[in-house]
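Please guide a reader who is new to this structure through the model in a viewer. Indicate at each stop what to select next and what is there.

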Amino acid sequence: MARKMKDSGIEWIGEIPEEWEIVPVRSCFDEVRTKNTDGQEQNALQFKSGNIISKTNFNASMDDYVADTITNYTVVLPDTVMINGLNLNYDFKSLRVALVKEKGVITSAYLAIFPDRKKISPQYATYLFKGYETKMAFHNMGAGIRKTLGYKEFKNQPLLLPSEKEQNKISAYLDSKCSHIDIMLSKIRSSIEEYKKLKQTVITQAVTKGIRGEREMKDSGVEWIGEIPKEWVIQKIKSISSRINVGVVIRPSEYFDENGTVPFLRGINVKEYLISSDNMVYINESSNRILSKSQVHTDDILIVRDGSIGTSCVVPAEFDGANVVSMVIATPSISCDSRFICYSLNSDVGKTQFTLTKIGSALTHTSISAVSDIIVAVPSCAEQKEIADYLDAKCVEIDGLIAKKEQLVKELESYKKSLIYEVVTGKREV
């Protein structure tokens, strides 16, 4: 027989089992505010994919900055429920709820609450708040311009409270179901990574050894390239380009979200082999004086200078005449196939070289001169086209397999979220 339900009076929750209570968060939780002022607790914790784990490379005994920072952290015990209530206005994807499983310290910027275990199970509470997260409930609870959620705002929010027996049943059921889903997700994600590695291997093999089978080889003279076909030559990007420029560097104050007149592409628009108009910026018309330097044309190669250094793509026809911000623009000579050069730059051989050109620590970047000196193995124009055509087909095939796996990940993640929400609100009885 179907269980009796009642209206919770909360729009985003809807109906709940008739026997469940609704109480304020403060009736079952206290805020954790104990600071690590003496620095005695050294186990620094962090959020990671919906879990709380220990930080690596965070050694207070070896780093004075870490030693000072860790004294401002909050001491948390096992069963503390953590909620990342920061910048709720700007992020709708992060996994913001997790349960502490070991004693440690964590940034006081997060909300830490400890349950009255006579009233509420910490495991059930964690699942409950994950259910809240599914409905973006925290985003409506936050305060201020950035919508930050603190205990002041959270303590009066509604808490669904079934009996102790049912809380334990819910926790056990979701532990089992979610564990099974997580195992499947882990396997699928591992499979995706294997396909990505396969793609890189296929590309690197093709741009350094060719695709014509057994043939006479020679030493390239470059350690990370090894042997290449006898008739191939080693060339620097500047030697096979008719033009190398750097897109104009614009200060952030010169960016305009709505009223600008000239669209510019940035490194964030460039993925490996692809370019999109998402996140394009618009520069004030007064910047027209530098457009000729920053303008790209069909079959030019764009190379990212900061962030994902070296990530490259060929400019498609629909972006002919676009302008770029702080990226290297390379126009291959008439004897070169832009696709082949781009595959070479994105191969393991290219990535190795770009890694060696990095400058800086926090915000790494590279220079136009370093990019100009990147080495590629160059076959004849006809063989370049042959290899590029082959890689176009192989990459489409592998990308198709990856896309199917990624879609399955999305579906499983969505199912997991909806399962948790339905169970912790009593819509699915366990």
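The tour below begins with the whole chain and then visits two sheets, two pockets and a cavity.

**The whole model**

Begin with the complete chain displayed as a cartoon, bearing in mind that this is a predicted model. The protein contains ten helices and 26 strands. Its C-alpha atoms occupy a box of roughly 80 × 50 × 50 Å along the principal axes. Of the 430 residues, 45% are buried. Among contacts between residues at least 6 apart in sequence, 74% connect residues at least 24 apart.

**First stop: the sheet with β4 and β9**

Select residues 29–31, which form β4, and residues 111–115, which form β11. These strands belong to an open sheet of four strands, ordered β4-β11-β8-β9, with antiparallel pairing. The edge strands, β4 and β9, each pair on one side only. On average, neighbouring strands here are turned by 30° against each other, direction ignored. Three bridges hold the antiparallel pair of β4 and β11. To see one of the bridges, display F29, whose partner in β11 is P115.

Next, add residues 122–134, the helix α2. This helix lies across β4, β8 (81–83), β9 and β11, and α2 runs at about 170° to β9.

**Second stop: the largest pocket**

Keep α2 and β9 in view, since both reappear here: each supplies at least two residues of the lining of the largest pocket. β5 (45–48), β6 (51–54), α5 (164–209) and α10 (381–424) likewise each supply at least two. Centre the view on S49, G50, L95, K130 and K416, which lie nearest the centre of this pocket. The space within the pocket is about 1200 Å³, and 36 residues line it.

Which helix should be coloured to show the largest share of this lining? It is α5, with seven residues. If the lining is coloured by residue class, eleven nonpolar, twelve polar and 13 charged residues appear.

**Third stop: the second largest pocket**

Now turn to the second largest pocket, with a volume of about 480 Å³. It has 17 lining residues, and K199, E272, Y273, L274 and D399 are the closest to its centre. Two or more lining residues come from each of α5, α7 (338–346) and α10. Here α10 gives the most, namely seven residues. The lining of this second pocket comprises nine nonpolar residues, one polar residue and seven charged residues.

**Fourth stop: the sheet with β16 and β23**

Leave the pockets and select the strands of another open sheet, whose order is β16-β25-β22-β23 and whose pairing is antiparallel. β16 (241–246) and β23 (312–314) stand at the edges with a single partner strand each, so one side of each has no neighbour in the sheet. Neighbouring strands of this sheet are turned by 20° against each other on average, direction ignored.

Select residues 327–332 to highlight β25, which is joined to β16 by five bridges in an antiparallel arrangement. Within this pair, S241 has P332 in β25 as its bridge partner. The helix α7, already met at the second pocket, packs on this sheet and touches β22 (301–304), β23 and β25. The direction of α7 makes about 170° with that of β23.

**Final stop: the cavity and β26**

How many cavities of 30 Å³ or more does a search of the whole structure find? The search finds one, and the space in this largest cavity is about 30 Å³. To locate the cavity, select its lining: V207, T208, I225, S344, S347, V349, I375, V376 and A377. Two or more of these residues come from each of α5 and β26 (375–378), and the largest share, three residues, belongs to β26. By class, the cavity lining has six nonpolar and three polar residues, with no charged residues.

Finally, show the side chains of β26. I375 and A377 point one way from the strand, whereas V376 and V378 point the other way. Are these four residues buried or exposed? All are buried. Residues 233–236 complete the view: they form β15, which pairs with β26 in the antiparallel sense over four bridges. In this pair, V233 stands opposite V378.

Key. Residues numbered from 1 in each chain as written. Predicted model: local features only at pLDDT ≥ 70, side-chain atom pairs only at ≥ 80, totals over all residues. Heavy atoms only, no water. 1 Å grid on protein atoms, 1.4 Å probe; cavity = no way out; pocket = protein on both sides within 12 Å on 5 of 7 lines; lining within 4 Å. Points joined across faces, edges and corners; volume = space filled by probe spheres on them. Nonpolar A, V, L, I, M, F, W, Y, C, P; charged D, E, K, R; others polar. Pairing = 2+ DSSP bridges. Axes fitted to C-alpha atoms, helices over the stretch in contact; angles between N-to-C directions. Contact = heavy atoms within 4.5 Å. Buried < 20%, exposed > 50% of the residue type's maximum accessible area, 1.4 Å probe, protein only.
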